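User: Hey, I just opened this one for the first time. Can you walk me through it?
Analyst: Sure, load it up and ask away.

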Amino acid sequence: METDPFSNLTSIETHFGAIDYSVFVLILSLSVGIGIYFGFFAHADSTTEEYLHGGHKMKVIPIAISLIASQLSGVTMMTVPAEMYFYGTQYYIIAPLMILITFITNSFVQVFYENNLSNCNEYLEYRFSPGVRHIIQLVYITSNILLLPIVIYIPSLAFSQVSGGSISLINAIVCGVGVFYTMFGGIKAVVWTDVLQAFVMVGSTFFIAGYSLNLLGGFGEVFSIASEGGRLELFNMQFDFTSRITFWNSSLGYALSWLAYIGLNQNCVQRMVSLPTLKKARSAMWLFCLGFIFITSLTCFTGLLIYAKYHDCDPKTVGLIQKADQILPMFVQQVVGHIPGITGIFISCVFSAGLSTISAVMNALAGIIYQDYLKPLKCIGHTERKANLWMKGIVLFFGFYCILMEVIIEKFTHLLDAVYSISALLNGPTVGIFCLGLLWPWANRKGALSGVIASVLCLSYIIIGNLSLKFQGGIKYPTLNTSIDGCSEMGLNVSQIDLKMEPIPPPIEFSLHTISFPWFALIGGAIVWIVAIPVSALTGGNNISTLDHTLLAPAIRRFFKTVDFEKGQEMEIVEKKNLNDGATTLSEQVYATKADWNPETKNIE
């Protein structure tokens with residue numbers, strides 16, 4: 001009688017039992033309960049301000065935890081360990097770089113607070129023109145619409161791997177839970193659900209890592225195996241635009257992506273300006289920085305644990321998994337799956353990470369779409385009640401959209417590539433135009449508009465071509481070496497298995513479409529400056545003697561205040577709450593001064 005080659009492996013279905021389902025349902029029920037509480041029982045004004053910003057009365061620690069939970073999504077929990085296993089630790093360079101990113105982000109936050117901005121893209125209107133703001137805002141909406149289905153698909157993939165359930169059904173459940181508490185609870189429900197989900201994420205990952213570390217022989221053994229397998233690498237100094245990950249594209253490209261994601265993304269800024277003071281916002285950012293480093297370290301180390309477990313029997317080669325991102329759920333099943341409830345907690349962890357991100361994105365998208373595109377329409381007839389209904393309807397629409405997009409997302413082979421490629425379409429132009437406005441006072445609206453348009457068009461051409469090649473198999477990045485020599489010790493009869501041995505892909509020839517995805521954000525930001533600076537100079541530059549210096553970065557502002565601003569009139573910027581009688585629009589309110597407001601140049605005349 002022929003034996004099953006997988007007979008000695010732990011069965012996935014038998015491990016995800018009643019206790020696991022109970023734990024999973026309990027944690028999802030708590031998330032729904034928070035939405036019910038803030039939507040129906042918490043005593044608060046039913047206004048757009050309350051729905052989007054919690055009345056600017058949020059607390060530092062919940063906001064910091066919410067930032068950590070929503071920015072470190074299921075993408076982090078699932079794809080980063082897979083990244084360590086297949087490509088090594090070069091990605092980890094982003095952890096220490098987050099300290100520098102936080103310093104820079106705090107300068108952005110200061111400008112947002114001084115100008116009383118609740119939407120970070122409003123800055124672009126005041127510094128340049130409404131056109132610049134709307135282009136970046138439309139790119140923000142587009143990129144987040146493309147990313148939402150990926151973020152939701154990841155926890156569905158994990159659940160399907162451990163339970164054997166339908167990905168489509170699970171995907172619909174994830175969307176339903178996230179849509180429910182985001183619709184009815186607003187930003188307060190999002191923040192407090194993030195707090196709950198953050199504890200689940202950290203607690204379950206920490207337990208799994210600690211338990212696995214003990215079974216695998218301790219730190220020394222894990223790092224020794226990782227070193228022998230070539231996984232420990234932080235300084236791959238190869239300078240090649242087609243290499244998947246090196247020191248240069250990870251430290252420059254990833255750093256700019258995270259700078260845009262943390263400091264210039266409405267999902268994050270909406271939380272930071274929910275705090276009552278700049279000091280508290282900065283405190284929240286530093287707490288986020290510490291949390292980011294800890295969780296990134298934990299997820300990267302989990303990837304090394306997975307490699308220590310499978311270094312001589314690669315699950316993808318022997319066909320136990322089809323996608324790289326399925327390796328973590330399989331690892332959890334085999335290492336701690338025999339402990340009742342632990343697999344359920346892990347799946348809840350991945351679900352929590354995904355829900356945190358989608359709730360943050362949906363809440364921010366609802367606010368932007370209503371405030372900037374629906375509210376100005378006369379047919380809407382704005383009232384606070386209608387505003388809440390419209391924003392809830394927008395959230396509901398995105399929920400249905402994400403369910404339908406599942407059939408496309410499942411075609412991606414490695415989701416980290418897709419996430420960073422799509423994010424770069426927003427992050428590149430965003431970090432470029434904000435840094436231009438903050439650091440280069442001579443840039444004017446014509447230069448900024450030209451730079452943003454050029455950046456978006458060029459990046460769109462590069463990214464669409466890159467993703468198309470990947471779909472067609474034209475770009476395949478070689479993984480680090482794997483082995484199946486030890487599979488017999490895991491109960492696998494390799495001779496009876498149809499091995500999935502992939503040939504080593506040929507070297508990638510350089511073209512714009514074969515540039516590796518970490519470079520995209522840097523390219524997009526550079527194009528903004530390369531186009532905007534000469535166009536600004538050719539169109540008369542900017543009269544910096546009349547430019548509101550609160551729109552410049554603090555360091556740049558101090559220098560030009562003593563040099564160039566003295567050449568012009570002394571501007572006396574009044575407190576934003578003491579507005580001139582003639583200031584009737586938001587732009588005029590922000591620029592209410594003793595001088596005249598020029599709506600065309602956005603400067604003080």
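User: Let me start with a spot I clicked on: is G131 buried, partly exposed or exposed?
Analyst: G131 is partly exposed, with a relative accessible area of 32%. Keep in mind that this is a predicted model.

User: Okay. Where is G131 found?
Analyst: G131 is in helix α8.

User: And how far apart are the C-alpha atoms of G131 and A448?
Analyst: They are separated by 9.6 Å, although the two residues are 317 residues apart along the chain.

User: Let me zoom out. How many helices and strands are there in the protein?
Analyst: The protein has 22 helices and 2 strands.

User: And how much of the protein counts as buried?
Analyst: Of its 605 residues, 58% count as buried.

User: What about contacts between residues that are at least 6 apart in sequence: what share of them join residues at least 24 apart?
Analyst: That share is 85%.

User: Back to α8. At what angle do α8 and α16 pack?
Analyst: About 65 degrees, and their axes are 9 Å apart. For finding them in the viewer, α8 covers residues 130–163 and α16 covers residues 384–404. The crossing is right-handed.

User: Which residues make that contact between α8 and α16?
Analyst: On the α8 side you have I145, L146, L148, P149 and I152. From α16 come F398, Y401 and C402.

User: How do the residues of that contact divide into nonpolar, polar and charged?
Analyst: The contact of α8 with α16 has 8 nonpolar residues, no polar ones and no charged ones.

User: How about α14, at what angle does α8 cross that one?
Analyst: Roughly 40 degrees, and the axes of α8 and α14 (residues 327–336) come within 9 Å. That crossing is right-handed.

User: Which residues meet there, in α8 and α14?
Analyst: A158, Q161 and V162 in α8 meet P329, M330 and Q333 in α14. By class, that contact has 4 nonpolar and 2 polar residues, with no charged ones.

User: New topic: how many salt bridges are there?
Analyst: The count comes to 2 salt bridges. One joins the side chains of E83 and R244, at 2.6 Å from N to O.

User: Where do E83 and R244 lie?
Analyst: E83 lies in helix α5 (residues 74–87), while R244 is in the loop between α10 and α11 (247–263). The pair therefore ties together parts that are 161 residues apart in sequence.

User: Is E83 buried or exposed?
Analyst: Buried, with a relative accessible area of 0%. Its partner R244 is buried too, with a value of 5%.

User: What about R133 and E125, how do their side chains meet?
Analyst: They form a salt bridge, 2.8 Å from N to O. R133 sits in helix α8.

User: And is R133 buried or exposed?
Analyst: R133 has a relative accessible area of 6%, so with the cut-off for buried at under 20%, R133 counts as buried. E125 is buried as well, at 12%.

User: Leaving aside neighbours within four places in sequence, which residues is R133 in contact with?
Analyst: Those are N119, N121, E122, L124, E125 and D372.

User: Jumping to α10: which residues are buried there?
Analyst: In α10 (residues 219–228), the buried ones are V222, I225 and A226. They cover an arc of only 100 degrees around the axis, which puts them on the same side of α10.

User: Why would residues three or four places apart point the same way?
Analyst: Because an α-helix has 3.6 residues a turn.

User: So which residues are exposed on the other side of α10?
Analyst: G220 and E228 are exposed there.

User: And what follows α10?
Analyst: G230 does, and its phi is positive, near 75 degrees.

User: Last one: what is the phi of N116?
Analyst: It is positive, about 55 degrees, although N116 is not a glycine. N116 lies in the loop between α6 (94–114) and α7 (122–127), and N116 is exposed, with a relative accessible area of 53%.

Methods: Residues numbered from 1 in each chain as written. Predicted model: local features only at pLDDT ≥ 70, side-chain atom pairs only at ≥ 80, totals over all residues. Heavy atoms only, no water. Buried < 20%, exposed > 50% of the residue type's maximum accessible area, 1.4 Å probe, protein only. Helix = DSSP H or I, 4+ residues; strand = E, 2+ residues; numbered from the N terminus. Arc of directions from axis to C-beta. Axes fitted to C-alpha atoms, helices over the stretch in contact; angles between N-to-C directions. Left-handed = near helix turned anticlockwise from the far one by under 90°. Contact = heavy atoms within 4.5 Å. Nonpolar A, V, L, I, M, F, W, Y, C, P; charged D, E, K, R; others polar. Salt bridge = Lys/Arg side-chain N within 4 Å of Asp/Glu carboxyl O.
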